[in-house]
Amino acid sequence: MSSTGSQAHPTLDARRDLLGVIERHRPLVEAGDDGISKVPASWMFEGMDQATARRAAVLVLFGRLDDIDAAAAPSTVPADLDLLFVERAATLRQHAGQIAFPGGTIDDTDASAVAAALREAQEETGLDPDGVEVLGELPAAELPVTNFVVTPVIGWWGQPSEVFAVDPGESAAVFRAPVADLVDPVHRFRVEVSRNGRTHRSPAFDINGRIIWGFTGIVLDRLLEDLGWSRPWDQSRIRPHPFS
């Protein structure tokens, strides 16, 4: 974590770290399609068709837990810093049961990726978007399995509101995960997926039995590394695909 700022307010130091990462990535964000973040070939089975790819946005929302601190001892991040996730319904045709950041397709009626991320987050979790300060965007990233290009929108939850699974047909649960637990090496591993004779491994997290993997795990892994919050973990620790 950055050493600048008041040591009495480590969560505000985390906010400054986020702003710093957003600023460093600004040239790629402004580059548009030329700045799209590629998924390493070792992490995917299908290629992208940029001509037909659809656009989506997710809200990567950082906040402060009011009554539950991390299980892990504070290290690179404050114990009360958390992230908002949704658990997709098991009945969905795509990404069933997976843990994800709130978000979805950018509609024609959305003014921007930011507008889409906030709208989708409100529809999925019931959060009040007026309580969210948008810090900025990260470069759009490829999601080859569904041929989407997804823009991560970084938010700061200055005035948290109640959240819940608004539509059980879409989301099984909504929850907040302490970032200190996400960076704890004991919760880090890689998921192995085999398909058509090929095997790939990608970063993953286990938070109280909820497995964050796939696109969300990759985005989260990259962001924690960029922020300097990640801690060394055993990358030889492998688990099978959680829905295999």
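**Group meeting: a walk through the predicted model**

Let me start with one pair of residues: Arg-195 stands opposite Arg-198 in strand E10. This is a predicted model, and that pair sits where two strands meet. Strands E9 and E10 form a hairpin with 2 residues between them. In the turn, Asn-196 has a positive phi of about 50°. E9 covers residues 188–195 and E10 covers 198–207. The two run antiparallel and are joined by 8 bridges.

Next, the sheet around that hairpin. How many strands form this open sheet, and in what order? There are 4, in the order E11-E10-E9-E12, and the pairing is mixed. At the edges are strand E11, residues 210–212, and strand E12, residues 238–240, each of which pairs on one side only. Direction ignored, neighbouring strands here are turned by 45° against each other on average. As a reminder, strands of a sheet pair through backbone hydrogen bonds, either parallel or antiparallel.

Both kinds turn up here. E9 and E12 run parallel, with 3 bridges between them. On that side, Val-191 has Arg-239 in E12 as its bridge partner. On the other side of the sheet order, E10 and E11 run antiparallel, also through 3 bridges. There the bridge partner of Ile-207 is Arg-210 in E11.

E10 and E11 make a hairpin as well, with 2 residues between the strands. Asn-208, in the loop between E10 and E11, has a positive phi of about 55° although it is not a glycine. Is Asn-208 buried or exposed? It counts as exposed because its relative accessible area is 78%, and the cut-off for exposed is over 50%. E10 itself is mostly covered, with 7 of its 10 residues buried.

Now the helix on this sheet. H4 lies across E9, E10 and E11, and it runs at about 70° to E10. H4 spans residues 214–227 and gives the largest nonpolar core its largest share, 6 residues. That core has 38 residues, and the ones touching the most other members are Phe-62, Phe-85, Ile-154, Val-179, Leu-220 and Trp-229. Apart from this core lies another, of 18 residues, including Val-86, Val-114, Leu-118 and Val-132.

Some polar residues are also covered, so I will take three of them in turn.

The first stop is Thr-11, in helix H1, residues 10–30. Thr-11 has a relative accessible area of 3%, so it counts as buried. What does Thr-11 touch, not counting residues up to four places away in sequence? The list is Arg-64, Pro-78, Asp-80, Leu-81 and Trp-156. Take Arg-64 from that list: it is 53 residues from Thr-11 along the chain, yet their C-alpha atoms are separated by 7.9 Å.

Then Glu-142, in strand E6, residues 141–143. Why does Glu-142 count as buried? Because its relative accessible area is 5%, and buried means under 20%. Leaving aside neighbours within four places in sequence, Glu-142 is in contact with a run of residues, Ile-36, Ser-37, Lys-38 and Val-39, and also with Met-48, Gln-50, Phe-148 and Phe-215. Phe-215 falls within the residue range of H4, and Phe-148 within that of strand E7.

Asn-147 is the third, in the loop between E6 and strand E7, residues 148–157. Its phi is near 55°, a positive value in a residue other than glycine. Asn-147 is buried, with a relative accessible area of 16%. Compare Asn-208, which also has a phi of about 55° but is exposed.

Last, the chain as a whole. It has 244 residues, of which 52% count as buried, and its secondary structure comes to 4 helices and 12 strands. Among contacts between residues at least 6 apart in sequence, 66% join residues at least 24 apart. The accessible surface is about 11,500 Å², and 49% of that belongs to carbon and sulfur atoms.

On confidence: pLDDT averages 86 over the chain, and 86% of the residues score at least 70. Where does pLDDT stay under 50? Over residues 1–8, for which the model has 18 contacts beyond four places in sequence. Where pLDDT is low, the predicted coordinates should not be read in detail.

Technical notes
Residues are numbered from 1 along each chain as its sequence is written. This is a predicted model: local features need pLDDT of at least 70, side-chain atom pairs count only at pLDDT 80 or more; totals for chains, interfaces and linings use all residues. Side-chain values use heavy atoms; hydrogens and water are left out. A nonpolar core is a set of buried Ala, Val, Leu, Ile, Met, Phe, Trp, Tyr and Cys residues joined through side-chain atoms within 4.5 Å. Buried means under 20% relative accessible area, exposed over 50%, partly exposed in between (1.4 Å probe, protein chains only). Contact means heavy atoms within 4.5 Å. Two strands pair if DSSP finds at least two bridges between them. Axes are lines fitted to C-alpha atoms, for helices over the stretch in contact, and angles run from 0 to 180 degrees between N-to-C directions. Accessible areas come from the Shrake-Rupley method with a 1.4 Å probe; for residues, only the protein chains shown count as cover. pLDDT is the predictor's confidence in each residue, from 0 to 100.
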